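This report addresses the nonpolar core, an open sheet and an annotated site, in that order.

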Amino acid sequence: MPSIQGAHKEKYRYQNGFNSYHESEAIEGALPIGANSPQKPPYGLYAEKLSGTAFTAPRHENQQTWLYRILPSSAHSAFEPRESSTYNINLESKPHGKIHHIPNQLRWDPFDLDETVDWVDSLHLVAGAGDPTMKAGIGIFIFAAGKDMDPHEAFYSADGDFLIVLQHGLLDIQTELGRILVRPNEICVIPRGIKYRVTLPKGPVRGYILELYQGHFQLPELGPIGSNCLANARDFQAPTADFDEDTSTTWHILSKFAGCLFSAKQSHTPFDVVAWHGLYYPYKYDLGRFNTIGSISFDHPDPSIFTVLTAQSDRPGTAIADFVIFPPRWLVAEDTFRPPWYHRNTMSEFMGLIHGQYDAKTGSGFQPAGASLHNVMSAHGPDAKTHEKASIAELSPHKVGESSMAFMFESCLMVGVTEWGLKKCKKVQEDYNAESWEPLKPHFKRPDKIGNGTASEESVLGGKAQVPH
Ligand SMILES: [Fe+2]
């Protein structure tokens, strides 16, 4: 059930539906009827097309939006590099940069709040793979900000789509296509190129970002599950047109372009879109609306049943990025070790915790605002304490994850860790493995032998000797 009702009142109106063709006008009659680019758009507006896919992308993938605005986006000065010591948005895959590809399991203590910076300066790339210039791969960021962006500043990323997972605070995001309030337990996706400005109505914010350099997020296929469950399309919310009228103030437009930040000036607000229609827009989703499913007999399915959004590679079923959550849910499986099994995965798994306690890690090391990374084929699973508890637990129906929300960015790519993520942030737990898995004890017992070398009747019949605990 929605978990944020009443806690922070909604202040904006939205249009509902995932990948729905929306249209919105802040002034009645601002959308041209029939034509996209009439000789004279209504009210003296300029028509501008925003393409999120190639013009010729297949119809089911095609994402474009027509904007009707007071001045076109192109009216600005040249972009200049903007240097800063506060942010880190580069994958460091440049010849002189450093990125660490290491097989160790990694875990981070909670990342600090930082009240001295705004949204843009708060971005810190922790890990990633690929290259935005090739439109291939992902970037994983931590953000922690305490200041509103300047009143006359807007930001966009040319590198990819931002999937923002808010862990702390409230985000009030003014986008070209309208306003979005992101509340605790909600996520927000801002596609490549869309300009926005972030303010913080409740003070400091913190969270995680998955930047997708290629394609766009989709809902996962449901296969035999059928036509409902997991994240339902109607629960995704897109903004409605909302514009400012300002053609006399100097604005700074910040562009994240190939992992570097640039700034240009213009004499008008970028938030002047009076009407729009299309399929390419930002949206938000309340994780509390996720309809979780699971086993009602024995064993448990792969965690892919918890996928909220996916971005597929060219190989069907293999994701460049899956966004997966672990919401509160009932465990009822019989004769089953209920936490995740021990495993090694050809995919890489970056996890974070929004609030509460993750059921596979009941020790104190995985905390809200912290993170972990289990890279390609890096072995992991429940820590020793969780294994011990789960192996003797009474298997009655049991609810896990109450008031908790862990999530995972899973990728088929091998993820490298930046210098900031491994060293500068000073949050890596040196004793992660020693604390989690090195204490695991062997419980193996050979079956009892009878003098002639055959197994005893008890062990053949599955007696106590075969039960590992
Ligand atoms: Fe895993």
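## Nonpolar core

In this predicted model, the largest nonpolar core comprises 106 residues. Within this core, Leu163 and Phe407 are the residues with the most contacts. In soluble globular proteins, nonpolar side chains tend to be buried together.

Leaving out residues up to four places away in sequence, Leu163 touches Ile187, Val189, Ile209, Leu210, Leu212, Phe217 and Phe323.

## Six-stranded open sheet

Six strands form an open sheet in the order β7-β26-β25-β28-β23-β22, and their pairing is antiparallel. Its edges are β7 (106-108) and β22, each of which pairs on one side only. From one strand to the next, the twist averages 10°.

At the β7 edge, the antiparallel pairing with strand β26 (residues 371-374) extends over three bridges. Trp108 has Ala371 of β26 as its bridge partner. Strands of a sheet pair through backbone hydrogen bonds, either parallel or antiparallel.

## Annotated site at His300

The UniProt record, an unreviewed entry, lists His300 under "active site". His300 is located in the loop that connects β21 (283-286) and β22 (307-312); β22 is also an edge strand of the open sheet described above.

His300 has 17 other C-beta atoms within 10 Å and is therefore partly exposed, since a buried residue would require 20 or more and an exposed one 12 or fewer. When neighbours within four places in sequence are set aside, His300 is in contact with Gly294, Ser295, Ala333 and Thr336.

Definitions and conventions
Residues are numbered from 1 along each chain as its sequence is written. This is a predicted model: local features need pLDDT of at least 70, side-chain atom pairs count only at pLDDT 80 or more; totals for chains, interfaces and linings use all residues. UniProt positions are given in the numbering used here, feature names are shortened, and annotations may be inferred rather than shown by experiment. Helices (H or I, at least four residues) and strands (E, at least two) are DSSP runs, numbered from the N terminus. Two residues are in contact if their C-beta atoms, placed from the backbone, lie within 7 Å. Two strands pair if DSSP finds at least two bridges between them. Axes are lines fitted to C-alpha atoms, for helices over the stretch in contact, and angles run from 0 to 180 degrees between N-to-C directions. A nonpolar core is a set of buried Ala, Val, Leu, Ile, Met, Phe, Trp, Tyr and Cys residues joined through C-beta atoms within 7 Å.
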